Amino acid sequence: MQPDPLAQAQEYASSGDHATAIRLAREAEDAYAQAAPDDLEAATTLLWVRLNLARWLAVQRRPDRRAALDVLDAAEQTWRSPIVQGSEMVHLLGAELMSLRSFVLRQVGRAADSIAAADQALLFFADLEATAPEALSAVGRVPILLNRGAALADIGRTGESVTPLTLALDLLRSSGTIHRELEVELLVLRGTSNTLLGRFSDAEQDETEAITLARAQSSRAARHLLAAALNNYATTLTRMRRLDEALDSVGEAMSVLREIDGEPTTAFQRRRWGIPLSTEAEILLALGRKADAARSARLAEPIMREYAEELPDLVAGSLANVCLLVGDAEDDLLYAQEAYQRFAELRDRFPGRYDFWWRRSADVVARLTA
């Protein structure tokens, strides 16, 4: 008996061998695509193959989220075919498809599209609750709410973002299952929203809890989440003017990254350093250590410019912030003006999201032109 190609690919993915899983999924995709238009079982299997393939492309060590989105586009074409639309599986498949689309769209910086996909997924879940509640997972809504909350914060609807993130966290904790990495990510995201809203004590509580949970996990993904939690906590401490603690926290974040990958050598590894280097520069600047701040900002700048060439929407705010830090630390008017222009554009696109940095860049420009 021939092994099921999808099950075989899933085994490789579970072991961390995403390259082999992706190769097997591509082969299975080609095989099922021929029969899918006229055979419901083939069409359904093709959809599951493509959903898994897209997920593996998006979460492998060097993610290719553009390729993942292309696969999801193909999956949606299959889902919209008459044979699938007339089946009892249409809502379940639609919920899985739109949930994954929401994740990938957020990862490429298309936050508004991510919200739309999450809303569609939640509608499918509501339909399933009424027609086939036995098909629902206790935590099925959690990743959808996570991506919706994060995307709302990305487009400046920060106050609205806390509700889905809190609901997701409550659902996860009441489900009776343990998903520590998901729990940590939700705490990190809610902490970020609370910092943006000026709710620093709430942010500190979320981030310190996330750090505690992440420290107890050993997986690569959990270590990256620990670095993110430490960096975000440093940002919160900076807003609270607890600068020495903030510097210690971002320093630990970078130590965790170094522990995972060593000194960054690939473009993808360098990208993980851009945000903590920027955070370090901001703290050093607040401490009056302008030369050190300039050094950190200058290290972050080429990382952000390189990243922005591929995913400009995702990195736009981070690149603008690096320009601001260089301008402020080095008293460089050209960098400060570039930051002001970038933040002005972002402020127009996402009302409320970039006001703090826009005002700050305007202050630096005014100082340097006085």
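Here are four short exercises with worked solutions on this predicted model.

Residues are numbered from 1 along each chain as its sequence is written, and side-chain values use heavy atoms, with hydrogens and water left out. Because the model is predicted, local features need pLDDT of at least 70 and side-chain atom pairs count only at pLDDT 80 or more, while totals for chains, interfaces and linings use all residues.

**Exercise 1. Place L368: which helix holds L368, and which residues does L368 touch?**

Solution.
- Start with the helix: L368 lies in α18, residues 355-369. Helices here are DSSP runs of H or I with at least four residues, numbered from the N terminus.
- Next, list the contacts (heavy atoms within 4.5 Å). Leaving out residues up to four places away in sequence, L368 touches G327, D331, D332, L333 and A336.
- Finally, check exposure: L368 is partly exposed because its relative accessible area is 22%, and buried means under 20%, exposed over 50% and partly exposed in between (1.4 Å probe, protein chains only).

**Exercise 2. Examine helix α15: what span does α15 reach, and what covers its buried residues?**

Solution.
- Take the length: α15 covers residues 290-310, which is 21 residues.
- Compare spans: from first C-alpha to last, α15 reaches 30 Å, close to the 30 Å expected at 1.5 Å a residue. The expected span is 1.5 Å times one less than the number of residues.
- Pick out the buried residues, which include A293, E301, M304 and Y307.
- Look at the cover: it includes α14 (267-286), α16 (312-330) and α17 (333-349).

**Exercise 3. Find the largest nonpolar core: how many residues has it, and which helix gives the most to it?**

Solution.
- Apply the rule: a nonpolar core is a set of buried Ala, Val, Leu, Ile, Met, Phe, Trp, Tyr and Cys residues joined through side-chain atoms within 4.5 Å.
- Read the result: the largest core has 75 residues, and V184, L186, F343 and L346 have the most contacts inside it. Helix α16 gives the most to this core, with 10 residues.
- Look further: apart from this core lies another of 42 residues, among them A43, W56, L72 and F124.

**Exercise 4. Classify the F350 and Y354 ring pair: what is its geometry?**

Solution.
- Set the rule: rings of Phe, Tyr and Trp (its six-membered ring) pair if their centres lie within 6.5 Å; planes under 30 degrees apart are stacked, over 60 edge-to-face, and the rest tilted.
- Apply it: F350 and Y354 are 6.4 Å apart centre to centre with 50 degrees between the planes, a tilted pair.
- Widen the view: ring pairs link F343, F350, Y354, F356 and W357 into a cluster.

How values were computed:
Helix = DSSP H or I, 4+ residues; strand = E, 2+ residues; numbered from the N terminus.
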